[in-house]
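Below are some notes on the internal cavities of this model, with a remark on one helix at the end.

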Amino acid sequence: MGSEPGGGGGSGSGSSGSGGVGEERRAALLRRITEEGGFAYVSSAEKAACGDLRAAEAAREMAWEQLHSGPWHAVVPAWRDAYAMACLHVAELRAGAGDRREALRALDMGLIMGGPLLRGELDAAVERIAAEGSEKRREEEEKGDAERWREELAKNQNLEEVLQALPKKSLSCKIIEKRSSMSLETFISDHFLRESPVVISGCIDHWPARTKWKDIEYLKGIAGDRTVPVEVGKNYLCTEWKQELITFSQFLERIWCTDCPANLTYLAQHPLFDQIRELRNDIMIPDFCFAGGGELQSLNAWFGPLGTVTPLHHDPHHNLFAQVVGRKYIRLYPASVSDDLYPHAESMLHNTSQVDLDNIDSEEFPRVENLDFMDCILDEGEMLYIPPKWWHYVRSLSPSFSVSFWWSAMSPSSSERT
Ligand SMILES: O=C(O)CCC(=O)C(=O)O
C-alpha cells in the first residue's frame with residue numbers, strides 16, 4: 001500500500017472561524033492554493049465559508065480531482081489540506097441542515113484522504129456531530145443483531161474444519177514458542193535483541209476491547225455511521241481485488257454475509273484508532289513496544305470475517321500483533337531466506353513474495369517447499385512478536401479483530417505493506 005491515504009497524525013486544534021475552520025490556517029491554505037493555480041477552488045471555498053453548500057461541494061469535488069490527478073505521492077500536500085477543508089465545510093453545512101450521516105461521511109473522508117493541517121478541526125467536528133446523534137441511534141438499534149453477532153463469533157469454533165484451509169505442511173515444522181506474561185527485560189533479552197518471534201499470552205486481558213469488541217451494539221453505537229476504507233476480494237494480489245469506502249455498519253453486516261472469497265471484505269491495515277477515538281480508548285500500548293528506545297510508528301486495525309488472507313510479505317518495523325477477537329493462523333520465515341521466497345521485482349510489491357502459499361507452484365518456485373518456517377495459531381488474547389523484515393502469511397480462522405503495533409528502534413521510516 002505504501003504511503004497512501006489514511007493515517008497522518010495532525011496539528012491544529014479547532015479554533016473555529018467561519019465554517020468551523022481556524023481563520024489563520026484557512027487563509028494561509030487558500031493563499032497556498034492560489035499559488036498552485038486553484039482559483040476556482042478558492043472562490044468556492046470562500047462561498048462555502050459563508051454558508052453555501054453547493055459551493056462547498058464544488059470545492060470538495062475540485063480538491064478530489066487534484067487528489068486523483070496522478071500517483072498519490074505526487075499530490076501537492078496543500079491539496080490534501082484543501083480537500084480536508086472542503087469536507088469540513090460540507091460537514092458543517094450538512095449537519096446544520098440535519099443530515100448527520102452525510103456530515104459524518106464528509107468528515108471521515110477528510111480524515112482518510114485529507115492532509116494533517118485541519119485534523120484537530122475534523123476530530124472536534126466528529127465528536128460534536130456524533131454526540132448529537134448517539135441518543136437517536138440507541139433508539140434505532142435492532143434487537144436481533146446482538147444475538148446474531150454472538151452466534152457468528154461462536155460459530156467458527158470447529159477448528160478441525162477450519163484447519164483444512166491452511167497451507168500444506170502447516171503446524172508440522174516449528175511451532176512458535178508461547179510464553180505467558182513476560183517481563184519487559186525478558187522480552188528484550190530473549191526476543192527483541194535476538195530478533196526471535198514469540199507468542200505472549202496474558203498481557204491484554206485487561207483491555208476493554210476484549211469484551212467490548214464482541215458487542216455489536218457497542219461497535220455500531222460508537223462507529224456505525226463512520227466511513228471506513230475496506231478491501232474487497234480474495235487478497236490484495238488478486239486482479240479482482242478492490243478498495244471501497246463504506247460505513248462501519250455496512251462493514252459489520254458484510255462480516256456475516258460473506259460466503260465466497262471474492263466478496264471477502266477486510267478492514268485491513270487501517271489506522272482506525274486515529275480516526276475513531278472511542279476505539280483507541282479500548283486498547284493500551286504494550287510496554288514491549290518501547291523496547292530499543294524507539295518510536296511507535298503506527299497502530300493498525302485488521303478486522304474481518306473468517307477466511308481473510310494476507311499474502312506472504314515483510315515489513316520494515318518491529319511488530320507486536322495483538323489478537324483481540326477470534327483467531328488467526330500465522331506463518332513466519334526469517335529475513336535470511338528472502339531470496340528463496342521470490343520477492344516481486346516491481347517496487348510497489350518488492351516486500352511481497354510471488355509464492356502463493358495456498359497453492360505453491362513448485363515448478364516455478366522450487367526453493368520454497370523445503371524451507372523451514374515457524375507457525376502458530378494465534379488465539380484470542382495472545383500477542384505475536386514479529387521481528388522486522390520477517391516474512392509473514394496470515395489467515396483468519398474465525399471472524400477476527402487484531403491490532404498491530406509497529407515500532408522502530410532507529411529513525412522512522414515509511415510504513416508499507418504491499
Ligand atoms: O492480520 C493480517 O491479515 C496481516 C497482519 C500483518 O501483515 C501485519 O500486522 O503486518
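1. On a 1 Å grid over the protein atoms alone, a cavity is a set of points where a 1.4 Å probe fits but cannot get out, and lining residues have an atom within 4 Å of a point. Grid points are joined across faces, edges and corners, and a volume is the space filled by probe spheres set on the points.

2. This is a predicted model, in which local features need pLDDT of at least 70 and side-chain atom pairs count only at pLDDT 80 or more, while totals for chains, interfaces and linings use all residues. Residues are numbered from 1 along each chain as its sequence is written, and side-chain values use heavy atoms, without hydrogens and water.

3. Three cavities reach 30 Å³ or more. The largest holds about 110 Å³ of space. Its lining has 14 residues, with W302, H313, F321, H392 and V394 the closest to the centre. Strands (DSSP runs of E, at least two residues, numbered from the N terminus) that each supply at least two lining residues include β9 (318-325) and β13 (391-396).

4. The second largest cavity has a volume of about 60 Å³. Twelve residues line this cavity, and E231, K234, N235, Y266 and V309 lie nearest its centre. β8 contributes the most to this lining, with three residues.

5. Helix α4 (residues 77-96) has 20 residues and at 1.5 Å a residue should span 28 Å, the expected span being 1.5 Å times one less than the number of residues; the end C-alpha atoms are 29 Å apart, which agrees. Helices are DSSP runs of H or I, at least four residues. G98 follows α4 and has a positive phi, near 85°.

Note on methods. On a 1 Å grid over the protein atoms alone, a cavity is a set of points where a 1.4 Å probe fits but cannot get out, and a pocket is an open set with protein on both sides within 12 Å along at least five of seven lines; lining residues have an atom within 4 Å of a point.
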